[in-house]
Amino acid sequence: MPERHRLQKRLGLLLRLAAAGNRAYTRLRTGLSSKTIRKTEPTGVPCVRVGGLTIGCGGSMWLMTWLLGWAAHRGKFPLVATKAYNIRQSNLPRSVDVYDTPKTIGMDTFLLSRYCQETRIVIGSTAARAAAAARDRFCADMVFLHEDYCGRTPQAQASLAVLDVRDLGDGWNTIFPAGWFREPVDALNRSNAIMLYISELEFKARKTLIRKRLEPFKRPVFSFSMRAWRLRKGAFGEPTDTLYNEPYLLVASEQDDDMAFNAATDLLGLRPRMRYVVPQNHIFNKQQFGFLYKEATRLRCKHIVCSPGQAIGLVDYFESPQIWSLEPQIEFGPCIHSKKSFPEWWDIAWGFNAL
């Protein structure tokens, strides 16, 4: 979740009034849904809703890659339905294809399509419309609604609410536009589990705050983090697991900044000489290319290590220094209100406890 913008601080009173209206709307929407006044259509197959409760929340895409891998391992044929990055496209809803780029479908959806190439991804003006199109056009036995935790249709058999550790701070329960929450934290009562994007070390350090914020909802809280098990040349090139202790710069998205720093440091055994942080869907310009080149030269770095999305934006513009991307893997850490780890808990929830 990005830090509060200075305009949010300067226009605090005005934005709080707008946020109060947003809060009232979401509560009315929830009330209508619970009384079935709003139309809800089942997809006909098990449906899982996954997404962040805040705008810019990190971790949802990485969690989705694990869930899709789990589904494939269990012999299922999953499908992903999500909201299009650009809802003005005339051909929505449609499937993501090999010709799509981060500019046409957004960075998260693009990365998901690359890491889970065997899974069909359908985009629409809303995730619900994408799911409806998927139901009519394709055969699947499990539908994942990506980044749609705040959605109400279609009906979901399971809901996973994703929170970033930064969500638990001073901006807790501050509704957009005064803050970054999409709706009040009461929405966590709709979840089957709360997924907290946080490292194991930080979870232990902030356990008191985590309990204070999340214990009232009486839901299992599972922590997870992104680690790197190797590097890839460019965005998706040849792998390596070392830079031979040569210095490097780190370029990461706001969502994954701390995770990428820890992952690169643990993998390479060396801290970056500089960290450069950009938004997740950032498009680099000539000034930034020049800045990174000058800083790499000044700091005598032959390498720039990136979180996966940022490597895509840089790889075509640099021959030296060399661009590398972190090859991610998901690790699950400590939990609250559960005696089992998330993979065990998820297996049991879907009837695979005997396997």
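Is C139 buried or exposed? In this predicted model, C139 is exposed, with a relative accessible area of 78%. The legends below take up the overall fold and then individual close-up views.

**Figure 1. Overview of the predicted model.** The protein contains 12 helices and 13 strands. Of its 355 residues, 51% count as buried. Among contacts between residues at least 6 apart in sequence, 79% join residues at least 24 apart.

**Figure 2. Cysteines C47 and C139, one buried and one exposed.** The relative accessible area of C47 is 0%, and this residue is therefore classed as buried, the limit being under 20%. C139, at 78%, is classed as exposed because its value is over 50%. With a disulfide taken as a pair of cysteine sulfur atoms within 2.5 Å, the count for the model is zero.

**Figure 3. Strand 12 (residues 303-306), covered on both faces.** In a regular strand, side chains alternate between the two faces of the sheet. Here H303 and V305 lie on one side of strand 12, I304 and C306 lie on the other, and all of them are buried. Strand 10 (residues 248-253) pairs with strand 12 in the parallel sense over four bridges, and within this pairing Y248 has H303 as its bridge partner. Strand 12 also runs parallel to strand 13 (residues 322-336), to which four bridges join it. In this second pairing, H303 stands opposite Q322 and C306 stands opposite S325. H303 thus has a partner in strand 10 and another in strand 13.

**Figure 4. Antiparallel pairing of strand 8 (221-233) with strand 13.** The two strands are joined by 11 bridges. One of the facing pairs places A228 opposite P328 of strand 13. Strand 13 is accordingly shown here with an antiparallel partner, strand 8, whereas its pairing with strand 12 is parallel.

**Figure 5. The largest nonpolar core and the surroundings of L160.** This core holds 73 residues, of which F144, L160, L292, V305 and L314 touch the most other members. Helix 3 (residues 60-73) contributes its largest share, eight residues. Apart from this core lies another, of 22 residues, including L53, Y149, W172 and F217. Leaving aside residues up to four places away in sequence, L160 touches R49, V50, G51, L63, L67, Y149, A193, M195, F342, W345 and W346. V305 links this view to Figure 3, where this residue appears as a buried member of strand 12.

**Figure 6. Helix 5 (residues 107-115), a mostly covered helix.** Seven of the nine residues of helix 5 are buried, namely M107, D108, T109, F110, L111, L112 and S113. These buried residues pack against helix 3, helix 4 (102-105) and helix 11 (308-314), and also against strand 2 (78-83), strand 4 (120-124) and strand 5 (142-146).

**Figure 7. The second largest pocket and its lining.** The space within this pocket is about 500 Å³. Its lining comprises 29 residues, and those closest to the pocket centre are S199, E202, D258, M259 and N262. At least two lining residues come from each of helix 7 (200-205), strand 8, helix 9 (257-268) and strand 13. Helix 9 supplies the largest share, eight residues. Strands 8 and 13, which both take part in this lining, are the antiparallel pair of Figure 4.

Notes:
Residues numbered from 1 in each chain as written. Predicted model: local features only at pLDDT ≥ 70, side-chain atom pairs only at ≥ 80, totals over all residues. Heavy atoms only, no water. Buried < 20%, exposed > 50% of the residue type's maximum accessible area, 1.4 Å probe, protein only. Pairing = 2+ DSSP bridges. Core = buried A, V, L, I, M, F, W, Y, C linked by side-chain atoms within 4.5 Å. Contact = heavy atoms within 4.5 Å. 1 Å grid on protein atoms, 1.4 Å probe; cavity = no way out; pocket = protein on both sides within 12 Å on 5 of 7 lines; lining within 4 Å. Points joined across faces, edges and corners; volume = space filled by probe spheres on them.
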